[in-house]
Amino acid sequence: MKIMVIGPGRWGSFIAWYLKKIGHEVLLYGLNGTEDFENFKKSRSNGIITLQDDLELTDDITRAKECDVIHVSINAQGFRNVCEELKSIGIKNKIIVTNMKGIEISTGKRLSEVCKEIMDGSNKVAAWIGPGHPQEFYRNVPNCMVIDSEDEDVKELLIENYSSDLIRFYYGQDLIGNEIGAAYKNVIGIAAGMLDGMKISSLKGALMSRGCREVARFIKASGGKELSAYGLCHLGDYEATVFSQYSHNRMFGEMYAKSEKYDKLAEGYYTVKAIKLQADKMNLDLPINNAVYKVLYENSKCEEEIDKLFSRSLKKEFY
Ligand SMILES: NC(=O)C1=CN([C@@H]2O[C@H](COP(=O)(O)OP(=O)(O)OC[C@H]3O[C@@H](n4cnc5c(N)ncnc54)[C@H](OP(=O)(O)O)[C@@H]3O)[C@@H](O)[C@H]2O)C=CC1
Ligand SMILES: O=C(CO)COP(=O)(O)O
């Protein structure tokens, strides 16, 4: 297949490298003058991966018209603008794959919903999510991921063409739950980092268990399947987020707890706000999201929020 990947960052560059490695024709699109794209133009490397010589770099978005599939891997809050741009150049009859984890703050929409709202109805949308860091894949450590879509044929086509001994794809069965679970795990990752920063990492087991229950409640209230909280897109992504040295969200949380600055993209910082706004509208009890939100947006101290979580009324485990 001929494929464009939009976003030459940590994950987009890996997606491009991977798709090229398994035999597809790949264009990696970036904006001139941005650090990641300029580095690839100069050295074909970002310090994590080195792109194949015949993987084409382009700054011409209209070349998306030549492709069968368009992947997008930028910051989730910027996705609407990319959809508008693709629409403005007349993109039709393509498969759009979201390689991002987030929920739009201004609308509370999942990324596939944003895409469907804006793009021409002839396009199909899919989400490729689940655990995995480029640093691990690049040293040939395999992982299991998910491709989900409302369109069964698109799911089939992508999974047939993208599976390899490096990535074992599972057929997603709940686009709502999988997109929410993938986005929410970054909030849990920030909470995990805060525990590390406070030197109380032993609470991560409780965080994972209570986190899954909280996410399951939010997924159910949003029309998805509770079970998806326990699938690859959420629980299955905890090792890569709650424990990994490579997780930007975990590292952001750790540094925040230590009052240190972190300048890489941590999607959970935005997702926590999107979820808080939705939870307030839906009158939902999401204590971990609420605690992280209070720390990041209302100047509460991590220790104060832990105390509040522990002094909540006693509950049945599976309420
Ligand atoms: N296992 C998985 O599924 C993983 C998923 N992710 C997800 O991937 C997404 C991206 O994360 P990550 O790669 O770490 O982020 P990065 O910040 O490393 O990469 C984003 C890149 O997109 C570029 N960009 C932003 N806007 C545009 C635009 N309009 N057109 C072209 N390029 C643009 C950025 O340029 P600039 O430098 O100017 O901002 C940057 O190079 C996130 O949603 C993250 O959650 C990440 C890792 C693993
Ligand atoms: O989604 C990821 C791993 O699966 C990447 O997580 P971070 O953005 O926290 O590094």
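Eight helices and strands each supply at least two residues to the lining of the largest pocket: α1 (10–21), α2 (35–43), α3 (79–88), β6 (124–129), α5 (134–138), α7, α9 (238–243) and α10 (248–257). This is a predicted model, and the tour below takes in its pockets, its cavity and its two ligands. Ligand 1 sits in the largest pocket, and the space taken by ligand 2 is that largest pocket too.

**The largest pocket**

- The space in the largest pocket comes to about 1,300 Å³.
- Its lining counts 45 residues, and those closest to the centre are Gly9, Arg10, Trp11, Ser73 and Leu265.
- Helix α2 gives the most to this lining, with four residues.
- Sorted by class, the lining of the largest pocket holds 17 nonpolar, 18 polar and 10 charged residues.

**Ligand 1**

- Around ligand 1 there are 21 residues, and the closest are Arg10, Trp11, Asp36, Gly132 and Glu267.
- This shell around ligand 1 breaks down into nine nonpolar, eight polar and four charged residues.
- Two of the protein's backbones reach ligand 1 with polar atoms: a backbone N or O atom of Lys101 lies 3.1 Å from an oxygen atom of the ligand, and a polar backbone atom of Gly130 is 3.0 Å from a nitrogen atom of the ligand.
- From a side chain, a polar atom of Ser73 lies 3.4 Å from an oxygen atom of ligand 1.
- Ligand 1 on its own would expose 920 Å², of which the protein buries 81%.

**Ligand 2**

- Ligand 2 has 13 residues around it, with Lys101, Asp237, Ser247, His248 and Asn249 coming nearest.
- The shell of ligand 2 is made up of three nonpolar, six polar and four charged residues.
- Side chains of Arg10, Lys185 and Asp237 each bring a polar atom to an oxygen atom of ligand 2: the distance is 2.8 Å for Arg10, 2.8 Å for Lys185 and 2.7 Å for Asp237.
- Taken alone, ligand 2 exposes 300 Å², and 91% of that is buried by the protein.
- Lys101 appears in the surroundings of both ligands, with a backbone atom in polar contact with ligand 1 and a place among the residues nearest to ligand 2.

**The second largest pocket**

- The second largest pocket has a volume of about 690 Å³.
- Lining it are 28 residues, and Arg210, Ile288, Leu309, Phe310 and Arg312 are the closest to its centre.
- Helices α7, α8 (204–221), α12 (287–297) and α13 (302–310) are the elements giving two or more residues to this lining.
- By class, the lining of the second largest pocket has 18 nonpolar, two polar and eight charged residues.

**The enclosed cavity**

- There is one cavity of 30 Å³ or more in the model, and the volume of the largest cavity is about 40 Å³.
- Its lining is formed by Thr98, Met100, Lys101, Gly102, Leu111, Ile129, Glu179, Ala182 and Ala183.
- Helix α7 (residues 175–197) provides the largest share of that lining, with three residues.
- The cavity lining divides into five nonpolar, two polar and two charged residues.
- Helix α7 therefore turns up in several places: besides the cavity, α7 contributes to the lining of the largest pocket and to that of the second largest pocket.

How values were computed
Residues numbered from 1 in each chain as written. Chains lettered and ligands numbered in written order. Predicted model: local features only at pLDDT ≥ 70, side-chain atom pairs only at ≥ 80, totals over all residues. Heavy atoms only, no water. Near = heavy atom within 4 Å. Polar contact = N/O pair within 3.5 Å; in protein donor to acceptor, adjacent residues only side chain to side chain. Areas by Shrake-Rupley, 256 points an atom, 1.4 Å probe, with all protein chains shown as cover. 1 Å grid on protein atoms, 1.4 Å probe; cavity = no way out; pocket = protein on both sides within 12 Å on 5 of 7 lines; lining within 4 Å. Sits in = over half its atoms within 2 Å of the grid points. Nonpolar A, V, L, I, M, F, W, Y, C, P; charged D, E, K, R; others polar. Points joined across faces, edges and corners; volume = space filled by probe spheres on them.
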